[in-house]
Amino acid sequence: MNTYRNDALIGGTWRSAPATVDVENPATEVSIGTAAACDEAMAHAAVAAARKAARDWGLMPPSERAALLDALVQELRHRRDDLVSVTVAEVGVSVVNARAWHVDLAIDLIASAAGNARTYRFEEAVGNSLLIRKPVGVVSCITPWNYPLYQLAAKVGPALAAGCTVVLKPAELTPLSAYLFAEATVAAGLPEGVFNLVPGSGKVVGATLVAHPDVDLVSFTGSTMVGRQVGAAASANLKRVCLELGGKSSSLVCADADLAEAVRASVDSAMLNSGQTCSAWTRLLVPADLYEDALVIAGDHARSLVLGDPRSEDTDLGPLISAKQRADVVTVIEGAIARGARVVAGGPERPGALGHFVSPTILADLDPSDPASQSEIFGPVLVVHPYATESEAIDIANGTPYGLSGAVWSGSADRALAIARLLDTGQVDLNGAAFNPEAPFGGWKDSGLGRELGVAGLEEYTELTSVQR
Ligand code: ADP
């Protein structure tokens, strides 16, 4: 595949941008390609192309849209090996995780959107009314670098299924997988202008897509800080907005849980994608009398994780995305140590000469109000806290500005569910239950607005008309 790109897909045509940006491999710090740095005019042209295509695409029977999404799934499957290798190269994620969580899951989300387009009741009778769910129109999708393909699939699949047309701006650091996705949309035969790709900066392309009067909905995933700006700018024009933002989620281990299983799974969650996962469980809450035992298990497990070349099948953790991200994470770890944190595993030292690596780090003896336990670190760092009573544990879990995910571990399924009911968060996994791509995904509080995935994700992209008869 060609990773040296300078173009954007606008209305079915590849158009050259006035400039490009380098794409770095975070494991080697070597440039692996370029992407277009589109300007404002290209963002405007993409919105115009999406608007032009919106009427026919929105009126197309959902089953026909679903058939085109099925074709897109096939085209993505043909490109699976390229998608995996480009994801490993631009994100630095281990190849095992790139396959499972970045590429296969993303393809599954497009397949899920096709299925939901087929079965969703776009029209429903209520008394003497017919409720018609129509596509909201033109959607700007703005995605981050942590799971580039998954993030775009979670937005683009349901938006297209609902009958919306899309302009996608991928993150500057990870645009290459989006090019492969865009090529797949062309090969699948999606009509011109239904999907448009305009790589570029957040300040130029992103801000234009958020404020554009002809955009009906902005779907953004990224930091809470930028999310607030995006929400404010979109609301100024009364645009619909869907925001998937940060998280600081707790894994709450009850006294009757299998401690070793719960602690190891929590370490794995905190370290997945080198900790650059918004829904990761980055706080581990254990009964006070099991605290030291839990720290031994967590430390041993963190040290057993293999850090290294993301292309190796044996690697668990690759580097962080960038030198800046590494510096930010190291600053948080150093600050926590200065405030008295015990380093159970890992720490701020650089584990190798090259690449933006941070060792899997376990911190203990911090107050739950400590910044390391309150702010989203977005690095491989787990903070462990003891609790005296379950009600205190629930207060600790709910005591952050976020509410994205969480976990409860207990020998009793009923007890685990009773605790889950008290957590102010978008999703809770009981005893290591599997991720469900049909379950609504999204956050409370500073974690955002709206839901992605499944039927709820599709409904985000619809608008209601009630017809009385
Ligand atoms: P992350 O650090 O996870 O990439 P950001 O919030 O910085 O999170 O960026 C997420 C996405 O938002 C990226 O595609 C970025 O280019 C884009 N972005 C950044 N600033 C803006 C902005 N002011 N308006 C719209 N999009 C933006």
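Here are three short exercises, with worked solutions, on a predicted model of a protein with a ligand.

**Exercise 1.** Find out which residues are closest to the ligand, and which polar atoms lie beside its oxygen atoms.

*Solution.* Start with the surroundings: 19 residues surround the ligand, and the closest are Thr143, Trp145, Lys169, Glu172 and Ser223. Next, look for N or O atoms within 3.5 Å, the cut-off for a polar contact. A backbone N or O atom of Thr143 lies 2.7 Å from an oxygen atom of the ligand. For Lys169, an N or O atom of the side chain is 2.9 Å from a ligand oxygen. Glycine 202 has a polar backbone atom 3.4 Å from an oxygen atom of the ligand. Finally, check the cover: on its own the ligand has 550 Å² of accessible area, and the protein covers 80% of that.

**Exercise 2.** Describe the place where the ligand sits and what surrounds it.

*Solution.* First, the ligand takes up the space of the largest pocket. Then turn to the elements: α7 (202-211), β10 (217-221) and α8 (224-236) each give two or more residues to the shell around the ligand. Of these, α7 gives the most, with 4 residues. Last, sort the shell by class, which yields 10 nonpolar, 7 polar and 2 charged residues.

**Exercise 3.** Work out why the aromatic pair of tryptophan 101 and phenylalanine 435 ties together parts that are 334 residues apart in sequence.

*Solution.* The structure holds 7 aromatic pairs. In one of them, Trp101 and Phe435 meet edge-to-face, at 6.0 Å centre to centre with 80 degrees between the planes. Now locate both partners: Trp101 lies in helix α4 (residues 95-119), while Phe435 lies in the loop between β19 (429-430) and β20 (444-445), so the pair links parts that are 334 residues apart in sequence.

Conventions:
Residues are numbered from 1 along each chain as its sequence is written. This is a predicted model: local features need pLDDT of at least 70, side-chain atom pairs count only at pLDDT 80 or more; totals for chains, interfaces and linings use all residues. Side-chain values use heavy atoms; hydrogens and water are left out. A residue is near a molecule or strand if one of its heavy atoms lies within 4 Å of it. A polar contact is a pair of N or O atoms within 3.5 Å; within protein, one must be able to donate a hydrogen and the other to accept it, and residues adjacent in sequence count only if both atoms are side-chain atoms. Accessible areas come from the Shrake-Rupley method with a 1.4 Å probe; for residues, only the protein chains shown count as cover. On a 1 Å grid over the protein atoms alone, a cavity is a set of points where a 1.4 Å probe fits but cannot get out, and a pocket is an open set with protein on both sides within 12 Å along at least five of seven lines; lining residues have an atom within 4 Å of a point. A molecule sits in a cavity or pocket if more than half of its atoms lie within 2 Å of its grid points. Ala, Val, Leu, Ile, Met, Phe, Trp, Tyr, Cys and Pro count as nonpolar, Asp, Glu, Lys and Arg as charged, and the others, Gly among them, as polar. Rings of Phe, Tyr and Trp (its six-membered ring) pair if their centres lie within 6.5 Å; planes under 30 degrees apart count as stacked, over 60 as edge-to-face and the rest as tilted.
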